[in-house]
Amino acid sequence: MIAGEDGGRDLSRLVVAGCGSLVRTEDLFQPYRLVDAAGVVVVPAETYLRELAVCGRPAATQRSYGMDLLRWFRFLWTVRVGWDQATRAEARDFCSWIQSADKPARPHWRYPEGGAPGEQAGTLPGTPNAVTGKPSPGRRYATSTVLHCESVLRGFYDFHLEAGSGPMVNPFPLARHGGRQARHRSPMEPAPAGRTGRYRPRLPVRAPRQIPDQRFDELFAQLGSDRDRALIAFWVSTGARAAELLGATTGDADPGQQLITVVRKGTRALQPLPASPDAFVWLRLYQAQMHELVPAGRDQPLWWTLRRPFRALSYDAARAMFDRANAVLGANWTLHDLRHSAAYRMARDPGMPLTDVQWVLGHAHLSTTQRYLTPLTSDVIADVLAFHERRQQDGRDAARGPSAPGYRPESLDTLFGEGAW
């Protein structure tokens, strides 16, 4: 443990070792397992992940929660504090450390020199992309990652607190709440509803990014196969999440009704989504190409790899396909930006009610869908410039009014343009 001048930890000199890992298993009931540096299973984390599986959380959610637990246990192993001995001091130091620490470097085999698709060589992390304006991933953890980690760890300790297998008090407290009743509440009693974690940073509110129509056409032209064109056409016309569409089977596509059925991420419910006619045209061309090369049947995957041995197309493979098209344009759009693009297109159509957009996107609350009513920066700039142009034109055509006292008309013409004042 590294102590500072005030007796606390000196986080500036704290180096958290990358020991332990989250291991993927072949167990259907427990797809991920957290192990320490010696390969021994971390029992408290295993119990919590098993609880998530019983509650119906998908494997992707269990992996996300497991990564947050791994960061926390690595921190505890470094400061040599047992997980059941952790106090609010450890929780506070961890939340402070994760907001300022660099993420572990994981070079990708496609990019041995670092960077990401669409980034120019030598570009600093966090620099906005020249084409999209989206910043590249920074060296430090994103604020959303910090928020998710704090929520997961508070739920982890709430679970063990209820089971009687953890500390007596949750080390990740909720924010203080004013009022006489709250001041005299026992820490063992449930906290009032509507409170958030004390160590949660503020998340900047950003409008969802969409791909402009012209840029989308350029991106679509870089796709190299009918399968890729069908996928992109479905994503941008249905607003489905990437994993939702990739999980579709052959029987889920209904060209006659112009529908494709997906399993929703949160509710796991089946929902048919209307798609554009172009999407089904590209799908038919792709299916004709793969005829007799992949197994046929309504329960077979709809999307396959294009090289032998043929396998069901995974999310990572689809993202790599999209990254290759991005790299040609020097862009860094993501598959999720296609969902944002579909949402913006539908929400800004005056003939489509916002409640219909909510249903298509699968949002539980209408307030989430209302984000897509926010004007785009590029559109606002174009409208304001057009406004100034109209004002200037109206000023030239209108009769010249009296000049302001103390100013010569020729000086105002030089400053604002002839007749603009």
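This is a short talk on the nonpolar cores and salt bridges of one structure.

Keep in mind that this is a predicted model.

Let's start with the cores. The largest nonpolar core has 38 residues. Which residues have the most contacts inside it? They are Trp72, Phe75 and Phe94. Five elements each supply at least two residues of this core: strand β2 (32-35), and helices α1 (43-54), α2 (59-79), α3 (88-100) and α4 (143-163). The largest share comes from α2, with nine residues.

Now take Phe94. What does Phe94 touch, leaving out residues up to four places away in sequence? Trp72 and Phe75 are on the list. So are Arg71, Cys149, Leu153 and Phe172.

Apart from the largest core lies another one, of 37 residues. Among its members are Ala279, Phe280, Leu283 and Trp303.

On to charge. How many salt bridges does the structure hold? The count is 18. I'll go through a few.

First pair: Arg9 and Asp93. Their side chains meet in a salt bridge at 2.7 Å, N to O. Arg9 sits in the segment before β1 (21-24), and Asp93 sits in helix α3, so the bridge ties together parts that are 84 residues apart in sequence. Are these two residues buried or exposed? Both are buried. For Asp93, the relative accessibility is 7%. Buried means under 20%, so Asp93 counts as buried.

Asp93 has another partner. The side chain of Arg92 also meets Asp93 in a salt bridge, at 3.3 Å, N to O. Arg92 has 43% relative accessibility, so Arg92 counts as partly exposed. Now add Glu90. Arg9, Glu90, Arg92 and Asp93 are linked in a network of salt bridges.

Next pair: Glu46 and Arg33. Their side chains form a salt bridge at 3.7 Å, N to O. Where do the two residues lie? Glu46 is in helix α1, and Arg33 is in strand β2. They are 13 residues apart, and the pair links distant parts of the chain.

Why does Glu46 count as buried? Because its relative accessibility is 15%, and the cut-off for buried is under 20%. Arg33 comes out at 25%, so Arg33 counts as partly exposed.

To recap. The two cores I described have 38 residues and 37 residues. Helix α3 supplies at least two residues of the largest core, and helix α3 also holds Asp93. Asp93 bridges to Arg9 and to Arg92. That's the tour.

How values were computed: Residues are numbered from 1 along each chain as its sequence is written. This is a predicted model: local features need pLDDT of at least 70, side-chain atom pairs count only at pLDDT 80 or more; totals for chains, interfaces and linings use all residues. Side-chain values use heavy atoms; hydrogens and water are left out. A nonpolar core is a set of buried Ala, Val, Leu, Ile, Met, Phe, Trp, Tyr and Cys residues joined through side-chain atoms within 4.5 Å. Buried means under 20% relative accessible area, exposed over 50%, partly exposed in between (1.4 Å probe, protein chains only). Helices (H or I, at least four residues) and strands (E, at least two) are DSSP runs, numbered from the N terminus. Contact means heavy atoms within 4.5 Å. A salt bridge is a side-chain nitrogen of Lys or Arg within 4 Å of a carboxyl oxygen of Asp or Glu.
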